[in-house]
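Here's a quick tour of a structure for someone who likes geometry. Have a look at the model, then read on.

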Amino acid sequence: MIKTTGYAAQHAGATLAPFEFEHRELGARDILIEILYCGVCHSDVHQARGDWGAKIFPMVPGHEIVGYVSRVGREVARYKVGDSVGVGCMVDSCRQCASCHEHLEQFCVEGFTATYNGLERERGTPTRGGYANYIVVSEDFVLRIPPKADLASTAPLLCAGITTYSPMRHWNVGAGQKVAVIGLGGLGHMAVKIAAAFGAEVTLFTRSNAKHDDALRLGASKVVISTDDVAMVAQKNQFDFILDTVAAPHDINAHLQTLKRDGVMVMVGIPADSIPLYSRSLIGGRRILAGSMIGGVAETQEMLDFCAKHNISSDIELINIQDINEAYERMDKADVKYRFVIDMASLQTEKP
Ligand SMILES: NC(=O)c1ccc[n+]([C@@H]2O[C@H](COP(=O)([O-])OP(=O)(O)OC[C@H]3O[C@@H](n4cnc5c(N)ncnc54)[C@H](OP(=O)(O)O)[C@@H]3O)[C@@H](O)[C@H]2O)c1
Ligand SMILES: [Zn+2]
Ligand SMILES: [Zn+2]
């Protein structure tokens, strides 16, 4: 067994505190990763608080993991000790269903095994995530970090990057299109960067003027204040594609009106409560409302390589793990520019 130190919530809503646990001993195709950095996703906040259905405590969150290969199982072929690698939201899936065969493991019919707050398929033991010094993962779910990439600012690509890249690839976002992103947080700021790199004209919907200059710097050409009803009406029938990254209940009908005929709005945010949908927001323009969840392993690698080629990484605030609870509170207030990343070196200074 691999002795591991991390931070866990002992029950829903508990503050995160030091926690010792064990990962499984390496199987033939497993990799032991020494974690250097882990991004802090709003999904970590939701799950540590028990906002969604399944919850397994104690919970060690974290699914934007970057580190070095520290040891490999005897049949591991693709990675060697010292390689820079990443792990995203999944660590396993059935590997046999149609979705798994089509490299869409996130839609595995048996449900993918989440990096944390999940159960290992073979042993049934809880999975524990990246707010820790080690993780053990099958090589099939390990990503290669491109050479020269900055490790800390690449970590958020493992969830925020792929979650925004995948729907834009699926719906063929590109040059000549008008794209809008709702919310400038971890996902939103990656969406702005990636949509701009795809050649689209990007507009940001945000609740106040506070992030205006940042949005333009990140690649948007326009900012619309979503709390200004007049400004919203002026945007009617403008966009080919909208990505909604908001983490809390909000008025999606006002945003749907801004789609062109046959336009698509994709929800990736997962508020804890349901949101009213008026059918007239859709039927007037034959508009489409869809959802999307992270991305498959192969597409995550494609995204990492795309971002390296286009010099895209996350705008981060590096924090010590001791500051994680304060980081969650700041995320409640959307006070993060634009992703917290935990520097795991801070774990070593932890007093027993
Ligand atoms: N589908 C997936 O596979 C997937 C993957 C990862 C995360 N998620 C989910 O995506 C959501 C966003 O995650 P994140 O890490 O990007 O969160 P985040 O960094 O906290 O950003 C969320 C943004 O939403 C906006 N917002 C927050 N509260 C709002 C409210 N009450 N009304 C309107 N806008 C509000 C804010 O933007 P402004 O300040 O600009 O208004 C904020 O920056 C979460 O629900 C998360 O669980 C889904
Ligand atoms: Zn996430
Ligand atoms: Zn499957």
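What follows goes through the metal sites first and then some helix packing.

Keep in mind that this is a predicted model.

Let's start with the metals. The table puts the two zinc ions side by side.

| Zinc ion | Protein donors | Distance | Spacing in sequence |
|---|---|---|---|
| ligand 2 | Cys41 (SG), His63 (NE2), Cys159 (SG) | 2.0 to 2.3 Å | C-x21-H-x95-C |
| ligand 3 | Cys94 (SG), Cys97 (SG), Cys100 (SG), Cys108 (SG) | 2.3 to 2.4 Å | C-x2-C-x2-C-x7-C |

For ligand 2, the donor spacing is C-x21-H-x95-C. Its Cys41 and His63 link distant parts of the chain, 22 residues apart. Cys41 sits in the loop between β3 (30-39) and α1 (42-48), while His63 is in the loop between α1 and β4 (65-72). Both Cys41 and His63 are buried.

What geometry does the site of the zinc ion (ligand 3) have? It's tetrahedral, with angles of 102 to 120 degrees among the four donor atoms. For reference, the ideal angle for four tetrahedral donors is 109.5 degrees. Two of the donors, Cys94 and Cys97, are buried.

Now for the helices. The axes of α4 (residues 160-170) and α10 (residues 297-309) come within 10 Å and cross at roughly 100 degrees. Angles of 65 to 115 degrees count as roughly perpendicular, so that is the label for α4 and α10. On the α4 side, the contact is made by Gly161, Ile162, Tyr165, Ser166 and Arg169. Their partners on α10 are Glu299, Thr300, Glu302, Met303 and Phe306.

Thr163 also belongs to α4. Is Thr163 buried or exposed? Its relative accessibility is 6%, and buried means under 20%, so Thr163 counts as buried. Leaving out residues up to four places away in sequence, Thr163 touches Leu187, Val268 and Ile294. The C-alpha atoms of Thr163 and Ile275 are 21 Å apart, with their positions 112 residues apart along the chain.

Last stop: α11 (residues 324-332). Its buried residues include Ile324, Ala327, Tyr328, Arg330 and Met331. They cover an arc of only 165 degrees around the axis, so they lie on the same side of α11. What covers these buried residues? The cover includes β1 (2-8), α1, β16 (316-320) and β17 (339-343). After α11 comes Ala334, which has a positive phi, near 55 degrees.

Definitions and conventions:
Residues are numbered from 1 along each chain as its sequence is written. Chains are lettered from A and ligands numbered from 1 in the order in which they are written. This is a predicted model: local features need pLDDT of at least 70, side-chain atom pairs count only at pLDDT 80 or more; totals for chains, interfaces and linings use all residues. Side-chain values use heavy atoms; hydrogens and water are left out. Donors are N, O and S atoms within 2.8 Å of the metal (3.2 Å for Na, K and Ca); water is not among the atoms, so sites may look incomplete. Helices (H or I, at least four residues) and strands (E, at least two) are DSSP runs, numbered from the N terminus. Buried means under 20% relative accessible area, exposed over 50%, partly exposed in between (1.4 Å probe, protein chains only). The arc is that of the directions from the helix axis to the C-beta atoms. Contact means heavy atoms within 4.5 Å. Four donors count as tetrahedral if all angles lie between 85 and 135 degrees; four count as square planar and six as octahedral if opposite donors are over 155 degrees apart and all others between 65 and 115; anything else is irregular. Axes are lines fitted to C-alpha atoms, for helices over the stretch in contact, and angles run from 0 to 180 degrees between N-to-C directions. Angles under 35 degrees count as roughly parallel, over 145 as roughly antiparallel, 65 to 115 as roughly perpendicular and the rest as oblique.
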